[in-house]
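Please report on the pockets, the enclosed space, the ring contacts and one strand of this structure. Keep the report brisk.

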Amino acid sequence: MSDIPRMMTAIGFETPGGPNVLAPMQRPVPSAAAGEVLIRIEAAGVNRPDVIQRMGHYPPPPGVTDIPGLEVAGTVVALGPQVAGLSPGDRVCALVPGGGYAEYVTAPAGSVLPVPSGLSMAEAAAIPETFFTVWSNVFDRVGLTAGERFLVHGGTSGIGTTAIQLAKAFGAEVFTTVGSDDKAAAARRLGADHAINYNSADFVEVVLEATGGHGVEVILDMVGGDYVERNWKVAAVEGRICQIATLNGIAENVNFSRLMVKRLTHTGSTLRPREAAFKAAIAAQLREKVWPLIEAGTVRPVMDSTFPLAEAAAAHARMESSGHIGKIVLLTGAAT
């Protein structure tokens, strides 16, 4: 398209640090390579990995831009070679390995999905990172099935709100941990059967009592640290635990006998460095199995707040406050 500029505004940082290191800067508009599309961004999701990258602890994979941002929504404006099924003008959301905090980004065509009907661009931008993560780990990797008990920590985070809704939609009994009674109420409104305020109760005791000592079959954990052994305590025999982050640090001196006696499976994954073909396969599953739920209103991205792109620092401060419920999204002002 002839109206694609040469330069764009992006958000970046020169040195790692607190939210205030984020600042607007001018960068060249990227060009779509083979198998990629160029998207004019209208909204971009803010995620915990962006915060960790800003702190200097999560560098982008080799060959990926240093501009933060892992999910966007906008309009396709150009196609690289070997792209089929997409056209300029398509309204899309996409999972990207980086570059979302900008006015334009390139995305692998396989990770691009149509904006679900009835959703705004801001809502669409809140979908890819969390839905790809939850689907690939909870349903694809550890195989949650209807009738099983499921525990997700951080129930009012972007990951948590997504996991609660999807697990409930597919027939699981849902447990979650949260940091306040207000957040517990919000989690229950999303479908959680049991929402536990970890500041006033021990989730191990609550879950074991609620399940008659049986425990839960599947756990999704981004906390790590001392939650590792506590998860093993609350897991059912032959339970499956998936680790997707370690916000409380690395577990030390854990008692592996509990894992052995219960025959537990404790696995984990990271999404960002995975190959494009893997992400395309997850995208196809989401389009088939989850997009109808979103369009029917059964599952929706939970929105906390939006900020102009230039105020990315304030968006990061909001995330680090842990007061948010659901997704924080940046708006570029490109919406038409």
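How many nonpolar, polar and charged residues are in the lining of the largest pocket? The lining has 16 nonpolar, 19 polar and five charged residues. The model is predicted.

**Open and closed spaces**

The largest pocket has a volume of about 1000 Å³. It is lined by 40 residues, and those closest to its centre are Arg 48, Ser 157, Met 222, Ala 245 and Leu 247. Helix H1 (48–54), H3, H4 and S9 each give two or more residues to this lining. H3 provides the largest share, four residues.

The second largest pocket holds about 410 Å³ of space. Of its 27 lining residues, Val 64, Thr 65, Pro 97, Gly 98 and Thr 106 are the closest to the centre. Strand S2 (23–28), strand S6 (104–108) and helix H9 (276–289) each supply at least two lining residues. The largest share here, four residues, comes from S6.

There is also one cavity of 30 Å³ or more. The volume of this largest cavity is about 40 Å³. Leu 70, Leu 95, Val 96, Pro 97, Glu 129, Leu 271, Arg 272 and Lys 279 form its lining. Pro 97 therefore appears in two lists: it lines the largest cavity, and it is among the residues closest to the centre of the second largest pocket.

The table sets out the linings by class.

| Space | Nonpolar | Polar | Charged |
|---|---|---|---|
| Largest pocket, about 1000 Å³ | 16 residues | 19 residues | five residues |
| Second largest pocket, about 410 Å³ | 15 residues | six residues | six residues |
| Largest cavity, about 40 Å³ | five residues | no residues | three residues |

**Rings and charges**

The model has five aromatic pairs. One of them joins Trp 135 and Phe 170 edge-to-face, at 5.5 Å centre to centre and with 65 degrees between the planes. The two partners are 35 residues apart, so the pair links distant parts of the chain. Trp 135 belongs to helix H3 (residues 128–141), while Phe 170 is in the loop between helix H4 (158–169) and strand S9 (173–178).

Is each partner buried or exposed? Trp 135 is buried because its relative accessible area, 4%, falls under 20%. Phe 170 is partly exposed, because its 29% lies between the 20% and 50% limits. Ring pairs also bring in Phe 139, which forms a cluster with Trp 135 and Phe 170.

Two arginines sit over rings. Arg 272, one of the residues lining the largest cavity, lies over the face of Tyr 58 at 5.2 Å from the ring centre. The charged end of Arg 274 is over the ring of Phe 278, 3.7 Å from its centre.

**Strand S15**

Why is strand S15 (residues 327–331) largely enclosed by the rest of the structure? Four of its five residues are buried, so the rest of the structure largely encloses the strand. S15 pairs with two strands named here. Strand S3 (residues 36–46) runs antiparallel to S15, joined by four bridges. Strand S14 (residues 303–308) pairs with S15 in the parallel sense, over five bridges.

Which residues stand opposite Leu 330 in S15? Ala 44 is one of them. Phe 307 is another.

Conventions. Residues numbered from 1 in each chain as written. Predicted model: local features only at pLDDT ≥ 70, side-chain atom pairs only at ≥ 80, totals over all residues. Heavy atoms only, no water. Phe/Tyr/Trp six-rings, centres within 6.5 Å; stacked < 30°, edge-to-face > 60°. Buried < 20%, exposed > 50% of the residue type's maximum accessible area, 1.4 Å probe, protein only. Lys NZ or Arg CZ within 6 Å of the ring centre and 35° of its normal. 1 Å grid on protein atoms, 1.4 Å probe; cavity = no way out; pocket = protein on both sides within 12 Å on 5 of 7 lines; lining within 4 Å. Points joined across faces, edges and corners; volume = space filled by probe spheres on them. Nonpolar A, V, L, I, M, F, W, Y, C, P; charged D, E, K, R; others polar. Pairing = 2+ DSSP bridges.
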